[in-house]
Amino acid sequence: MMGVKVRNGLRSLGAVAIVTIVTLALLEIALRVADFRELRDGVSERSLSYRYDAELGWMPVPGLSADVTNARTVHVKHNSLGLRDDEFVLDGKPTIMFLGDSFVWGLDAEADERFTELLKPRIANDKILAAGVSGFGTDQEYLLLQKLWPKVKPAVVVLIFCTGNDRDDNSTNIVYEGYQKPYFVTTADGSLALRGQPVPKSRLQAIKEDWWVRNSWLVRLANAVYLKFRHPKITVPDPTDRLVDMIRDYVESHGAKFLVGMQTTDADLVHHLEAVHVPFVTFDGAGAYPGLGIGGHWTPEGHKLVAERLLGLLQANHVIEQAPAATGSAGARP
């Protein structure tokens, strides 16, 4: 009698298991056919050439070589620091670090078309380093600066501010296609406090880096729902001006000079920089690609204009000793 009950129980469990497996398989097929945007792989430069970073959200893969397509297709190669530049060696030459996002990284630009590469032969007595990570806000750039400093020890740091979206990026923990990032909140005494670390692994990062999430759309759905409820989007008051002050304080406390370049004129930031006596330059008029994909990035001609204006800024603030051969420093404010 007991044996019959056991066999019947096993048959029931087997039937439940078969129904469950068939149901899950049908759901898997249905999700793949439906092809919901929230479950797709990413194809941006972040998903193609970047990896998860618990402190910063994402970072370029060191040593990676790949082609990246946005408004145009360009070749990308990272050095051992994860930066899109030549291999960096700390030597006797002073280093001018350009700190920023995709405008410094060079989205839609071949490596030799970027303003940093155009500056190198014209500032022979200094090393030029492009410390740009596509998608970063000023908050992540501040954290990146601290991470790179012991290895780079720059004499000059030029923050390249993206007027188009940096203020928005600095005011939240989620940007672009659900990318999670650290952020700063303003405390009662007016100082900034870091939040969001360790950064949760974003949906697209999990698809790229985790086997189960990459190969099962059901697991992708479960992961997306988990992130939506466990780590929802948070918006905080814009901390940008204070973040710029924190970068300046960090740079100057380490004996280096701090300057700022702006994608286009940000009136509030201009007012703030003038009040705290930080030299800056604007890049209004620099040619950019139209809004295809992630739009608005500089064309080769745009990079040339940016390089000229930065030369003027560096000369006006005694970073370089001799005047550059070409003109075009309009927009610089010492």
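These legends describe several close-up views of one predicted model.

**Figure 1. The whole chain of the predicted model.**
The chain has 334 residues, and buried residues make up 50% of them. It contains 12 helices and 14 strands. Take the contacts between residues at least 6 apart in sequence: 66% of these join residues at least 24 apart. The average pLDDT of the chain is 90, and 90% of the residues score at least 70. Residues 327-331 have a pLDDT below 50. Beyond near neighbours in sequence, this stretch has 10 contacts in the model.

**Figure 2. Residues 12-31, a span with a UniProt annotation.**
The UniProt record, an unreviewed entry, places a "transmembrane region" here. In the model, the span is 100% helix and 0% strand. The C-alpha atoms at its two ends lie 28 Å apart.

**Figure 3. Phe 98 and Phe 115, an edge-to-face ring pair.**
A search of the whole structure finds 10 aromatic pairs. In this one, the ring centres are 5.4 Å apart. The planes meet at 85 degrees, which is over 60, so the pair counts as edge-to-face. Phe 98 belongs to strand E5, residues 95-100. Phe 115 belongs to helix H4, residues 115-119. The pair therefore ties together parts that are 17 residues apart in sequence. Both Phe 98 and Phe 115 are buried. Which residues do ring pairs link into a cluster? They are Phe 98, Phe 103, Phe 115, Phe 283 and Trp 298.

**Figure 4. Two charged ends that sit over rings.**
The charged end of Arg 84 sits over the ring of Trp 105. It is 5.4 Å from the centre of that ring. At the second site, the charged end of Lys 127 sits over the ring of Phe 88. Here the distance to the ring centre is 5.1 Å.

**Figure 5. Lys 181, a buried lysine in a loop.**
Lys 181 is in the loop between strand E9 (179-180) and strand E10 (183-186). Is Lys 181 buried or exposed? Its relative accessible area is 2%, under the 20% cut-off, so Lys 181 counts as buried. A polar atom of the Lys 181 side chain lies 2.9 Å from the backbone oxygen of Thr 172. Leaving out residues up to four places away in sequence, Lys 181 touches Trp 58, Asp 139, Gln 140, Asp 169, Thr 172, Asn 173, Ile 174, Val 175 and Val 199.

**Figure 6. Gly 261, a buried glycine in a strand.**
Gly 261 lies in strand E12, residues 257-262. Its relative accessibility is 0%, so Gly 261 counts as buried. What does Gly 261 contact, leaving aside neighbours within four places in sequence? The contacts are Val 158, Leu 159, Ile 160, Phe 161, Val 281 and Phe 283. Phe 283 also appears in the ring cluster of Figure 3. Gly 261 and Leu 310 are 49 residues apart in sequence. Their C-alpha atoms are 7.6 Å apart in space.

**Figure 7. Ser 134, a buried serine in a loop.**
Ser 134 sits in the loop between strand E6 (127-132) and helix H5 (138-152). With 1% relative accessibility, Ser 134 counts as buried. Ser 134 and Val 104 are 30 residues apart in sequence. In space, C-alpha to C-alpha, they are 8.0 Å apart.

**Figure 8. The cis peptide bond from Gln 197 to Pro 198.**
Omega of this bond is near -5 degrees. Where is Pro 198? Pro 198 lies in the loop between strand E11 (192-195) and helix H7 (203-209).

**Figure 9. Tyr 176 and His 277, two residues with a positive phi.**
Tyr 176 is not a glycine, although its phi is positive, at about 55 degrees. Tyr 176 is in the loop between strand E8 (174-175) and E9. With a relative accessible area of 36%, Tyr 176 is partly exposed. His 277, also a residue other than glycine, has a phi near 60 degrees. His 277 is in the loop between helix H11 (267-275) and strand E13 (280-282). Its relative accessibility is 71%, over the 50% cut-off, so His 277 counts as exposed.

Note on methods:
Residues are numbered from 1 along each chain as its sequence is written. This is a predicted model: local features need pLDDT of at least 70, side-chain atom pairs count only at pLDDT 80 or more; totals for chains, interfaces and linings use all residues. Side-chain values use heavy atoms; hydrogens and water are left out. UniProt positions are given in the numbering used here, feature names are shortened, and annotations may be inferred rather than shown by experiment. Helices (H or I, at least four residues) and strands (E, at least two) are DSSP runs, numbered from the N terminus. Rings of Phe, Tyr and Trp (its six-membered ring) pair if their centres lie within 6.5 Å; planes under 30 degrees apart count as stacked, over 60 as edge-to-face and the rest as tilted. Buried means under 20% relative accessible area, exposed over 50%, partly exposed in between (1.4 Å probe, protein chains only). A charge sits over a ring if NZ of Lys or CZ of Arg is within 6 Å of the ring centre and within 35 degrees of the ring normal. A polar contact is a pair of N or O atoms within 3.5 Å; within protein, one must be able to donate a hydrogen and the other to accept it, and residues adjacent in sequence count only if both atoms are side-chain atoms. Contact means heavy atoms within 4.5 Å. pLDDT is the predictor's confidence in each residue, from 0 to 100.
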